[in-house]
Amino acid sequence: MTTTYLATRSLTKHFEVKTGLQTRGIVRAVDGIDLALHEGETLGLVGESGCGKTTLLRLLLNLLPPSEGTVSFKGCDLPALSKQELREYRRAVQPVFQNPFSSLDPRMRVDRIVSEPLRVNTSLGSIEVAARVAEVLRMVGLHASDAEKYPHEFSGGQRQRIAIARALASEPRVLILDEAVSSQDISIRAQILNLLKDLQARFGLSYLFVAHDLSTVRFMSDRISVMYLGKIVETGPTESVCRQPRHPYTQALFDACLPDDPEFPTKSSALQGEVPSPLDPPPGCRFHPRCPRALATCSQAEPLLKEIAPGHTVACALY
């Protein structure tokens with residue numbers, strides 16, 4: 001039976017917007033999200049800027065408390081975990097951030113950067129820590145001697161390998177990859193993606209892979225979830241979502257990409273207008289003001305996720 005490492009139930013995060021002591025409104029950054037990340041799989045998460053992806057990741061990393069709903073790890077809700085179990089959670093779920101130029105402390109040598117999760121979350125001695133640092137550096141294609149260097153002595157691609165080594169140091173089960181290759185050029189991006197694939201096959205890692213580049217998400221992911229204005233609007237197996245997207249928002253995202261075959265381009269349904277403010281989301285379906293296929297009911301009733309094919313769910317009144 002496949003283990004579910006990370007799961008959310010009705011996960012919600014609202015922020016009060018205040019002017020002085022007066023509350024102006026509520027930002028519904030994440031609004032009732034259900035997700036599940038299984039052992040050894042990659043779940044891709046896509047959506048426009050401002051849809052709530054970063055807030056969702058901060059909730060999963062336990063950096064923010066949810067307003068409602070829960071995050072669970074291997075079936076246990078995070079608030080119910082003891083201090084020791086919470087330490088185990090932090091060891092098992094590690095992030096890799098977008099920009100290695102800002103996520104690596106320029107004043108720290110690589111050995112200290114990579115060993116930080118070990119020093120915080122384990123009781124290993126200095127000799128064991130040094131051996132583990134050398135081991136994970138070799139895993140990501142660097143030399144053990146690189147541990148003595150500073151981040152400025154490496155290229156951008158090498159810095160991201162250091163960030164991956166830091167995430168791997170504590171032997172995690174889940175990596176949360178937040179735009180982990182978007183700051184690299186295309187050749188370095190391919191190297192990092194292949195490295196991640198190799199590491200996943202070798203250690204059975206689970207990835208939550210967040211990116212704007214849909215071709216990258218398609219290459220990496222087993223399943224894809226599409227997020228719009230704090231809501232998941234579609235989830236399904238990668239090829240099902242990419243070849244036959246059902247939600248009009250998902251269709252527009254893929255239509256905006258280059259076609260698989262330039263001689264047979266898809267009909268474009270480019271998005272119109274701007275993303276509504278999360279301070280004042282539209283009633284009913286949040287996408288309906290921009291949807292070319294909106295029905296009269298779309299502005300009144302909020303659609304629920306429905307399974308329309310095996311493992312493929314969509315929140316749309318058209319189905």
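## A buried glutamate and a partly exposed lysine

Does glutamate 179 count as buried or exposed? In this predicted model, glutamate 179 counts as buried because its relative accessibility is 8%. Glutamate 179 sits in a loop, the one that runs between strand 7 (174-178) and helix 7 (186-203). Its backbone is also worth a look: although glutamate 179 is not a glycine, its phi is positive, at about 50 degrees.

Lysine 74 makes a good companion to look at. This residue also has a positive phi of about 50 degrees without being a glycine, and its place is the loop between strand 4 (68-73) and strand 5 (76-77). Lysine 74 counts as partly exposed because its relative accessibility is 47%.

## Glutamate 148 and its partner

Move next to the loop between helix 5 (126-139) and helix 6 (156-168), where you will find glutamate 148. With a relative accessible area of 48%, glutamate 148 is partly exposed. Leaving out residues up to four places away in sequence, glutamate 148 touches Arg109 and Asp111. The side chains of glutamate 148 and arginine 109 are joined by a polar contact of 2.9 Å.

To get a sense of scale, try valine 27 as a second landmark. Valine 27 and glutamate 148 are 121 residues apart along the chain, and 45 Å separates their C-alpha atoms.

## Helix 2 and helix 4

Helix 2 covers residues 83-92, and its buried residues are Leu86, Tyr89, Arg91 and Ala92. Which elements cover these buried residues? The cover includes strand 1, helix 1 (53-60), strand 4, strand 6 (93-96), helix 4 (110-121) and strand 7.

Helix 4 has its own set of buried residues: Val110, Ile113, Val114, Ser115, Pro117, Leu118 and Asn121. An α-helix has 3.6 residues a turn, so residues three or four places apart point the same way. The buried residues of helix 4 pack against helix 2, strand 6, helix 5 and helix 6.

## The second largest pocket

Some of these elements come back around an open space. The second largest pocket has a volume of about 380 Å³. It is lined by 15 residues, and those closest to its centre are Arg90, Val93, Gln94, Pro95 and Asn121. Of these, Asn121 has already appeared among the buried residues of helix 4.

Helix 2, strand 6, helix 4 and helix 6 each bring at least two residues to the lining of this second largest pocket. Which helix gives the most to that lining? Helix 4 does, with four residues. By class, the lining of the second largest pocket divides into nine nonpolar, three polar and three charged residues.

## One cavity

What about enclosed space? Rolling a probe the size of a water molecule over the atoms shows where empty space is left. Searching the whole structure turns up one cavity of 30 Å³ or more. The largest cavity holds about 70 Å³ of space, and its lining is made of Leu6, Ala7, Thr8, Leu35, Ala36, Leu37, Leu43, Leu60 and Leu208.

Eight of the lining residues of the largest cavity are nonpolar and one is polar, with no charged residues. Strand 1 (4-19) and strand 2 (22-38) each supply at least two residues of this lining.

## Arginine 223

Arginine 223 belongs to strand 9 (residues 223-228). A polar atom of the arginine 223 side chain lies 2.5 Å from the backbone oxygen of alanine 36, and Ala36 is one of the residues that line the largest cavity. Setting aside neighbours within four places in sequence, the contacts of arginine 223 include Leu37, His38, Glu41, Thr42 and Leu43. Also among them are Gly44, Thr235, Gly236, Pro237 and Thr238.

## Cysteines without disulfides

A disulfide is a covalent bond between the sulfur atoms of two cysteines. How many disulfides does the structure hold? The number is zero. Cysteine 316 is in no disulfide, and the nearest cysteine sulfur, that of cysteine 298, is 6.2 Å away. Cysteine 316 is buried, with a relative accessible area of 7%.

Why does cysteine 51 have no bond to cysteine 285? The sulfur of cysteine 285 is the closest cysteine sulfur to that of cysteine 51, but at 14 Å it is too far for a bond. Cysteine 51 is buried too, with a relative accessible area of 3%.

How values were computed. Residues numbered from 1 in each chain as written. Predicted model: local features only at pLDDT ≥ 70, side-chain atom pairs only at ≥ 80, totals over all residues. Heavy atoms only, no water. 1 Å grid on protein atoms, 1.4 Å probe; cavity = no way out; pocket = protein on both sides within 12 Å on 5 of 7 lines; lining within 4 Å. Points joined across faces, edges and corners; volume = space filled by probe spheres on them. Nonpolar A, V, L, I, M, F, W, Y, C, P; charged D, E, K, R; others polar. Buried < 20%, exposed > 50% of the residue type's maximum accessible area, 1.4 Å probe, protein only. Contact = heavy atoms within 4.5 Å. Polar contact = N/O pair within 3.5 Å; in protein donor to acceptor, adjacent residues only side chain to side chain. Disulfide = S-S within 2.5 Å.
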